[in-house]
Amino acid sequence: RTLLEHDRPDLLISGINHGSNTAANVIYSGTVSAATEGTLLGIPSAAMSLTTFAPDADFSVAAHFAQTVARNLSANPLPAGTLLNVNVPALAADEIKGVKVTKQGKSFWDDRFEQRLDPGKKPYYWLTGEHRGLDEADDTDEGAINGGFISVTPIHYDLTDYPTLPALSTWTWA
């Protein structure tokens, strides 16, 4: 028996998590992955994020918008394999400028590793670094949230780079 064998949900809202899931962060996100799993099962799905890590963050604006997302997902089916990635700025409701439908921005992580010692004095390494935005135009997820807008990005789990397929077919593989 499986968990969803008899009671399949009508939709799936993953989150609301601390921290944005924009640009390259969607690759690392458990919140986006959970929504992707729902999509793979044919369940209309969205990943919801609040763009702060503050321990005392106010999730009320994001929670209210999650209801709007749920209503829209129920009324407007998405294409197969598509989910919504929603990022809500950590602002008061009256400071949110609106909603933008966006594309995924471009970014990378500038990773660093700190050597630390565990309680037994054995070294281990802690991943640190900074997220570097490369594309923060108004029509991207990061640009929208930086401008005070809620970002709604339709994403698909097929990561194939289709324009590169023909070029790879000319390579020698033996």
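Let me start with Asn-25, which at 10% relative accessibility counts as buried, because the cut-off for that word is under 20%. Please keep in mind throughout that what we have here is a predicted model. Asn-25 is found in helix α1, which covers residues 25-28, and, if we leave aside its neighbours within four places in sequence, it is in contact with Ser-20, Trp-109 and His-131.

A second buried polar residue can be treated in the same way, and that is Thr-36, which counts as buried at 17% relative accessibility. Thr-36 lies in helix α2, residues 30-40, and, not counting residues up to four places away in sequence, it touches Leu-83 and Tyr-157.

Let me step back now to the protein as a whole. There are five helices and seven strands, and read along the sequence they follow the pattern β-α-α-β-α-β-β-β-β-α-β-α. The C-alpha trace spans about 55 × 50 × 45 Å along its principal axes, and of the 174 residues, 33% count as buried. If we take the contacts between residues at least 6 apart in sequence, 71% of them join residues at least 24 apart.

Next comes the sheet. Five strands form an open sheet with mixed pairing, and their order is β1-β2-β3-β7-β4. Which strands stand at the edges? They are β1, residues 12-18, and β4, residues 98-101, and each has a single partner strand, so one side of each is left without a neighbour in the sheet. On average, and with direction ignored, neighbouring strands of this sheet are turned by 20° against each other. To look at one pairing in detail, β1 and β2, the latter being residues 45-50, pair in the parallel sense over five bridges, and within that pairing Asn-17 stands opposite Ser-49 in β2.

Across this sheet we can place helix α3. Residues 60-75 make up α3, which lies across β1, β2, β3, β4 and β7 and runs at about 165° to β2. As a check on its geometry, the 16 residues of α3 should span 22 Å at 1.5 Å a residue, and its end C-alpha atoms are 23 Å apart, which agrees. Which residues of α3 are buried? They are Val-61, Ala-62, Phe-65, Ala-66, Val-69, Ala-70 and Leu-73, and these buried residues pack against β1, β2, β3, β4 and β7.

That brings me to the nonpolar cores, and a general remark may help first. In soluble globular proteins, nonpolar side chains tend to be buried together. The largest nonpolar core in this model has 16 residues, of which Met-48, Phe-65, Val-69, Leu-84, Val-86, Val-88 and Ile-150 touch the most other members. At least two residues of this core are supplied by each of β2, α3, β3 and β7, and the largest share, six residues, comes from α3. Val-88 can serve as an example of the surroundings: leaving aside its neighbours within four places in sequence, it is in contact with Met-48, Ser-49, Leu-50, Thr-51, Val-61, Ala-62, Phe-65 and Ile-150. Apart from the largest core lies another one, of six residues, and among them are Val-26, Ala-35, Ala-47 and Ile-155.

Finally, let me turn to the charged pairs. Side chains of opposite charge can pair when their charged atoms come close. How many salt bridges does a search of the whole structure find? The search finds two. In one of them the side chains of Asp-139 and Lys-103 meet, at 3.7 Å from N to O. This pair links distant parts of the chain, with Asp-139 in the loop between β6 and α4 and Lys-103 in the loop between β4 and β5, 36 residues apart. Asp-139 counts as partly exposed at 38% relative accessibility, and Lys-103 is partly exposed as well, with a relative accessible area of 42%.

Arg-116 forms a salt bridge with Glu-114, and there the closest N and O atoms are 2.9 Å apart. Arg-116, at 30% relative accessibility, counts as partly exposed, and Glu-114, at 35%, also counts as partly exposed.

Methods: Residues are numbered from 1 along each chain as its sequence is written. This is a predicted model: local features need pLDDT of at least 70, side-chain atom pairs count only at pLDDT 80 or more; totals for chains, interfaces and linings use all residues. Side-chain values use heavy atoms; hydrogens and water are left out. Two strands pair if DSSP finds at least two bridges between them. Helices (H or I, at least four residues) and strands (E, at least two) are DSSP runs, numbered from the N terminus. Axes are lines fitted to C-alpha atoms, for helices over the stretch in contact, and angles run from 0 to 180 degrees between N-to-C directions. Contact means heavy atoms within 4.5 Å. A nonpolar core is a set of buried Ala, Val, Leu, Ile, Met, Phe, Trp, Tyr and Cys residues joined through side-chain atoms within 4.5 Å. Buried means under 20% relative accessible area, exposed over 50%, partly exposed in between (1.4 Å probe, protein chains only). A salt bridge is a side-chain nitrogen of Lys or Arg within 4 Å of a carboxyl oxygen of Asp or Glu. The expected span of a helix is 1.5 Å times one less than its number of residues.
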